[in-house]
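Work through the exercises below with the sequence and the structure open beside you. Each task is followed by a solution that goes step by step.

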Amino acid sequence: MMERDELERRVKHLYVRNRQQGKASWCEHEYDFVCPSTGTYPFQWLWDSCFHAIVLSSFDIERAKSELRSLLANAQPDGLVPHVTFWQRDRYEEMLSTYAIAYRTPYLSDCMQPPVLGEALATVVRRGAGAAFARELMPAARRFYDYLDRVRDPDQDGLVAVLQPDESGLDHTPKYDAYLGVRADCVTIAELTAAWHRVADPYGAVERDPEKMFALDRFIVEDVMVNTIYAEGQRAMAELYTTLDDSAGAAEMLRRAERTERALIDKCFDPERGLFFDLAGQAETPLRTSTMTSLFPLLLPSLPSSMADALARHLEDPREYAAEYPVPTVALSEPLCEPGSMQGSLVFRGPTWIHTNWYIARGLRRHGRGALADRIVQSSIALTAKSGFREYYHPQTAEGYGAQGFSWSALVLDMLAAD
Ligand code: GLC
């Protein structure tokens, strides 16, 4: 196994290469962040950036702070933290024509992404940024969680909804195919982009007013992974308030976290399949494709042990998730699973990703499954050792795919620290 020092050296090298610094004339803010990959993703993405801050916090706390400051510099008055900030847009105009993005301004998207923010902020504060930094960023972070609660959870069941497939961060996951009207025999980037437009274009006609977007009932998904991360983020916010001696803030965030966890457990668990499923539409119809997000509630501290047992069994089954290099994003037994690279551009349809392994391994440890967690950590490290920091990997052969020099795959460093 690669030594920690060597791994850290490679991560530092990557984080120098992918660093973006400057001053944006369109908003007068300075920026300093790590982009996901210089070749395909030179801008700042919300959940990527949170992972980058967590990685940075173990060797460069000042850059970890800059990463989050840049992320929140353009937080919106309604609380939204846009999922992409196009800091240096003018330099990459051609690249933008290849993206399907809904814009709020030419420089900011009008979408959310999984709310990893609370956890990223708590980690950076805990690892050395301290209370002063927490005090600086908490107001914007709190406004984001209030936005999610107020705007994205209109039925107040504790589960937030994504209104477009890319808002979950799992852009092309097959679990949305049927709901989007994409036929199993014609899954192509063109079809999925057309499906995205069928959702996003009518939103334009209502000026992307969230209430009206919900009323259209085109794509409303209470996604299990997003909500598990939401619960985790709310707990982290409670921890931050405790650090700041704000017991009212801590109690409120804990109340919300517990409500989200309860809703996941009560509404999303399918006892027959032993898996958690997303709920779609106003009617909250379960989307019953087994993907790694079905396993995410392993992270919930309040998960009953019978449910943790059920999820672990799926992870141990070689027909489903126990691949040579786990955890495939889609159960190998699902007809829609494609473990190889798909036309180079379709994501989350089978290959193994490092950030989801980072979560699942932690969830397993929380529920006493250290050996299984170790296996996932070791194989994640093996993936990056064999194929470098790629966007995703073949779960049986370790071949790397997608973007090269992909920043969040450096989470292996954090996994090694926790091992
Ligand atoms: C892809 C992924 C998304 C990620 C972005 C940048 O769009 O689907 O989750 O944030 O790339 O890495």
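**Exercise 1.** In this predicted model, determine which residues line the largest cavity and how they divide by class.

*Solution.* Begin with the classes: the lining of the largest cavity has four nonpolar residues, four polar residues and no charged ones. Next, put names to them, for the residues that line this cavity are Leu-170, Thr-173, Thr-291, Met-292, Thr-293, Thr-329, Val-330 and Phe-348. Finally, consider the space itself, which amounts to about 30 Å³ in the largest cavity, and the structure holds one cavity of 30 Å³ or more.

**Exercise 2.** Describe the shell around the ligand by residue, by class and by domain.

*Solution.* First list the surrounding residues, which are Pro-36, Tyr-41, Trp-45, Trp-47, Asp-48, Gln-113, Gly-169, Asp-171, Val-347, Phe-348, Phe-406 and Trp-408. Then sort the shell by class, which gives eight nonpolar, two polar and two charged residues. Turning to the domains, at least three residues of the shell come from each of domain 1 (25-151) and domain 2 (294-419). Phe-348 deserves a second look, since this residue belongs to the ligand's surroundings and also lines the largest cavity.

**Exercise 3.** Find which polar contacts the ligand's oxygen atoms make, and how much of the ligand the protein buries.

*Solution.* Start with the side chains: an oxygen atom of the ligand lies 3.0 Å from an N or O atom in the side chain of Trp-47, and for the side chain of Gln-113 the corresponding distance is 2.9 Å. Continue with the backbone, where a polar atom of Gly-169 is 2.6 Å from an oxygen atom of the ligand. Taken alone, the ligand exposes 310 Å², of which the protein buries 94%. As a last step, locate the ligand among the pockets: the space it takes is the largest pocket.

How values were computed
Residues numbered from 1 in each chain as written. Predicted model: local features only at pLDDT ≥ 70, side-chain atom pairs only at ≥ 80, totals over all residues. Heavy atoms only, no water. Near = heavy atom within 4 Å. Polar contact = N/O pair within 3.5 Å; in protein donor to acceptor, adjacent residues only side chain to side chain. Areas by Shrake-Rupley, 256 points an atom, 1.4 Å probe, with all protein chains shown as cover. 1 Å grid on protein atoms, 1.4 Å probe; cavity = no way out; pocket = protein on both sides within 12 Å on 5 of 7 lines; lining within 4 Å. Sits in = over half its atoms within 2 Å of the grid points. Nonpolar A, V, L, I, M, F, W, Y, C, P; charged D, E, K, R; others polar. Domains from an automatic or database assignment. Points joined across faces, edges and corners; volume = space filled by probe spheres on them.
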